[in-house]
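Colleague: I would like a close look at one part of this model. Please take it step by step and explain the terms as you go.

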Amino acid sequence: MIDKRLLRLPGMRTIMTMLAGLALVQAFVILGQGHFLAAGIVHAWQRKPLTGIWVFVLGFAVAYTLRQAITWLRNVIAERFARKTAGALQRQLLAKMYALGPAVAATEGTGNLVTMALDGIPETQNYIELILNKILNMMIIPWVLLVYIFMQQHLAGIALLIMFPVIILFMIILGYAARDESEKQYAGFQSMSNQFIDSLRGLKTLQLMGISKQYAANVYQVSERYRKQTMSVLKIAMLSSFAMDFFATLSIAVVAVFMGIDLLNGRLSLYPAMVALILAPEYFMPIREFGNDYHATLNGKNAMSAVLAVLAQPVPTPTEGLPELTGWDHGATLSATHLNFTYPGRQTGVTDANFTLHGGQKVAIIGPSGSGKSTLLNLIGGFLQPAGATTPFRANGHPLAHMAQPAWQDHLSYIPQAPYIFATSIADNVRFYRPDASDDDVAAAVDQAGLTDWLKTLPEGLATRIGEGGRGISGGQAQRIAMARTLLDTKRQVWLFDEPTAHLDIETEAALKATLVPLFKDRLVIFATHRLHWLNQMDWVIVMAAGRVVAQGTPADLQAHSQPYQELVAEMRGEFNVQK
Amino acid sequence: MFKNDTWVRPDLRRYKNLLFWSLALGVLTYIAAGALMFTSGYLIDFAATMPLFAAIYVPVVLTRAFGIGRPVFQYLERLTSHNWVLKVTSHMRRKLYQVLETDAAFVQEHHQTGDILSLLSDDIGHIQNMYLRAIFPTVVAGGLTVLITLGLGLFDWRFALWVLLLLLIQIVLIPWWGLLIETKRKLRQKELNQKAYVDLTDAVLGLSDWAITHRQGQFVDEASATTTKLAASTHQSKMFQWARDFVAALFFGAIPACLMVWASWYFAGTQLTADWIGAFVLVMFPLSMAFSNVAQGIGEWPTYKTALTHLNELKPTTRTLPAQLAAPGAVKALTVSDLAFQYDAGSEALIDHLNLTVAAGQKLAILGPSGMGKTTLLQLVLGDLTPTKGSVTLDGVNVLQYQDQRTKLFAVLDQSPFLFNTSILNNVRLGNETASDADVQRVLEDVQLAELIAGLPKGVNTPVEEAGFGFSGGERQRLALARILLQDAPIVLLDEPTVGLDSITEQALLDTMFRVLAGKTVLWVTHHLQGVSQCDQVIFLEAGKLTMAGKPADLMEQNERYRRLYALDAGQA
């Protein structure tokens, strides 16, 4: 139950020892509570003077209060430790995500990572608290009570001792059945909740098909079907806590009856019987509490494992000794030889790519969808790292295993098909690479990107909040904001574009192109596209098909001699061929 | 909060039997738990007087019965209450769907940011918890309070009132104290949680932007700022809860202590009555859980309240339409006359006095910058929007009069057609639920998907989103196209169906579209000129006005701007 990795957390052993000590003290306090209660009842039963009862009431009150106070104290101590540990894990996780880069979002899934950082960390904290409280309780308190009960009355002690493994056994057996069922149910719950959200999202489609009104009956039926499934699962899942309760309460009843018979025959006096009866429920309390939190414990354990698994992933390390690039000038070169990359679990990627790019070259990467254009661009940007211990890249002659090098990335700007807009103001989005940029510089960049007219229509101008939860913006506007972001940081001399105009109408694209082309001067521009007109501005073209570079050269050369290029361009031109 | 409520009160009247048994079994569970300790206590006290075995026979049987009764009642109570809540949930889901359905055409636009749709479905989950964790435990604890007071009242009504007071502290005072301290904090935590979600999404989706800035420290600080605040606030909540639980436990402990004193005094008369002392002292301990549940459940009240407010704020959209007519067998022409539209008097005109005629079987391409009225025009043609001025008519009859039978006249294919998470067959059949398997097969062949689908493990029964298999953008459009082919309406509206596709895929899809839609009237909104030459008419819409209109060939000859755009698109500029 206790994950070994937990014990390796800094400070875990010390805190466990301390809390175990408190649990031991608490066990004796519980004994005291039971003792005073039983003794008080015996006193009253013997019809001794009423004034004598106060000693027992006071004794009970002190023990009871002490017990609650220790619970409080233990919670506070455990939480303090768990919170610190979870907070540290949170920061480590984020630092790791940063170090791993965008590739981690691709392999782990964006939603997964967000859930991990948002819900997984509190679940881990909860798990540590549960281990420190509930499991320690179960390991210490019942055994102290059992020894005392055994000393008072052997038979009751033995009966309770036997019951403990029986309960554990049933919990395990039913727990397995319930786990399988509840996993099924969880999958069912997911699909149900997705199906319901699906029907809300698809409302417009349903309406266009003219069946949105009737579909309400379907929503109800699906939900009812899910209810029936859930109920049949719950019948089994809840058996596990039923079994635990059943054996615990039944053994209290059995102990009471046995002792009743012993008392009847004069083999036992009242105090030992009464104290055993009072302590029997306390003996079962820790395991019942643990049973109630069993699922939270499992969730916490899984959440912690997921976090630790991400933390254990290896990070690409920058190559030592790469001299700082002071700028990307005319003499600079970037080359790749035998560059390979495969996505885990998929066939696609880049196979044996070779190319050399210089200074202020304008490079187009073209090819059909899925031919590896984006992958190649991500490899050049250092967002993905080629597999193996080879050094396929060379920057100004320095061999490099991958391009996740600060010296290189400091000069990069990357504009994807759908640039990410942060949930903040337009100005802060534009300032992203240069948080210290002056208002004038921001205004100039925004103007260059052709956003001024649009900004005039916004009451709050540059301070308008966009992104998640903010004002909605069109694809063209997002592109222009990303452009402004790039334009503001003039020291970035290498521009990577991944189909930046795919979502734009032809006139917007023409306007954006008019803005961009003059700025290409003196920059290395690498441009993945499937719009033909961009080729007119390029001086090198890399043609890709199925992950391989099938042709490269100047557009004029390729047009004259390269069959793959001619075929691809003809296909891209489509019907425009006919009317030329 | 329940004033003008339409989400909780009506449901409390549903399935009254189940509701009654959920609550009754809850009370019975604790009665059995208390009675087990009560009879055991009596049994031991009484047995210590060494009576004949026959005399303890009844308490022995009762002890066993209550010992078994407690877990059985609890098990049944859990099943019954879950069953009731899930039944009510089905009603709530249908109701939420129906309310949103009244605004079906615009539900995406009106509920877009932050995925409000899934938040609404979460709200239903909160209401479920409100029943299971707050309302039911409170009613059960209330019932127990009444029973305990009445029971003690049989012996000594003054002492009964004193115990009532102590119990009321548990079910009224302590939860109230919790709400007083925690309400603001819980609401703040809810806000922080949403903000943390946005921050972390920003962090993950913006990783490529962050990666090239090399500001790791700032990234970690920004991404964890809100979660740190949230953790601090949760910490305060926990500290308060433990303090509250401590105080509640002390007050609860006062009850058995008082019972011990009272019973010693009240029952000390004879040995016969003294046998009851143990019973009265022990009866309260198993009930502590029933009372501590209340404070915990009520502690989440602010969450339930916001969920309920959200749901109650949703109002069905109503729209007045003229008297509805049956759809005509054939349509000769679609006419747009003097059409104008703006959302309200102050806002800009999205369509500005537009005139247009499309004869049956003609293809019309609609071009223009985004946000300049193209989609609005389609919404007016469909009748989803009511014009501010002018009309759209089919052979002289306003389209608003055909809304009930609209699917017989219009089919729509838009930028991102929605595919339901079900089989390919079901998705296509949405177009016409009476279509045979052969019909579905025919349209899949028409859109050139038949071969691809035949190669899938389960053919047309393959779910569209099954793990490891997803349709590409072009294939999704083809599936949606198959759907509207099955619908077989005479007028087809296409709203930028090829946006975001690469030019090769786009050309192939356009070829298919024009082939299968031959003979139908088509209004096609597009973002560039690929395929436009296959149309009978082209219009340019800017700020709601026509700025260019004519046959593609004529425009090519006569219009400078058209030629320039054409050259750009053909890769010649």
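Which residues in helix 5 of chain A meet which residues in helix 6 of chain B?

Modeller: This is a predicted model, in which local features need pLDDT of at least 70 and side-chain atom pairs count only at pLDDT 80 or more, while totals for chains, interfaces and linings use all residues. Residues are numbered from 1 along each chain as its sequence is written, and chains are lettered from A and ligands numbered from 1 in the order in which they are written.

From helix 5 of chain A come Thr110(A), Leu113(A), Val114(A), Ala117(A) and Leu118(A); they meet Ala196(B), Tyr197(B), Leu200(B), Thr201(B), Val204(B) and Leu205(B) of helix 6 of chain B. Two residues are in contact if their C-beta atoms, placed from the backbone, lie within 7 Å. By class, this contact has nine nonpolar, two polar and no charged residues. Here Ala, Val, Leu, Ile, Met, Phe, Trp, Tyr, Cys and Pro count as nonpolar, Asp, Glu, Lys and Arg as charged, and the others, Gly among them, as polar.

Helix 5 covers residues 110-152 of chain A, and helix 6 covers residues 157-205 of chain B. Helices (H or I, at least four residues) and strands (E, at least two) are DSSP runs, numbered from the N terminus. The two helices pack at an angle of about 135 degrees, with their axes 9 Å apart. Helix 5 of chain A is therefore oblique to helix 6 of chain B. Axes are lines fitted to C-alpha atoms, for helices over the stretch in contact, and angles run from 0 to 180 degrees between N-to-C directions. Angles under 35 degrees count as roughly parallel, over 145 as roughly antiparallel, 65 to 115 as roughly perpendicular and the rest as oblique.

Elsewhere, His358(A) lies in strand 2 (residues 349-358) of chain A. His358(A) touches Ala332(A) and Thr333(A), not counting residues up to four places away in sequence. His358(A) and Leu524(A) are 166 residues apart in sequence, yet 7.5 Å apart in space, C-alpha to C-alpha.
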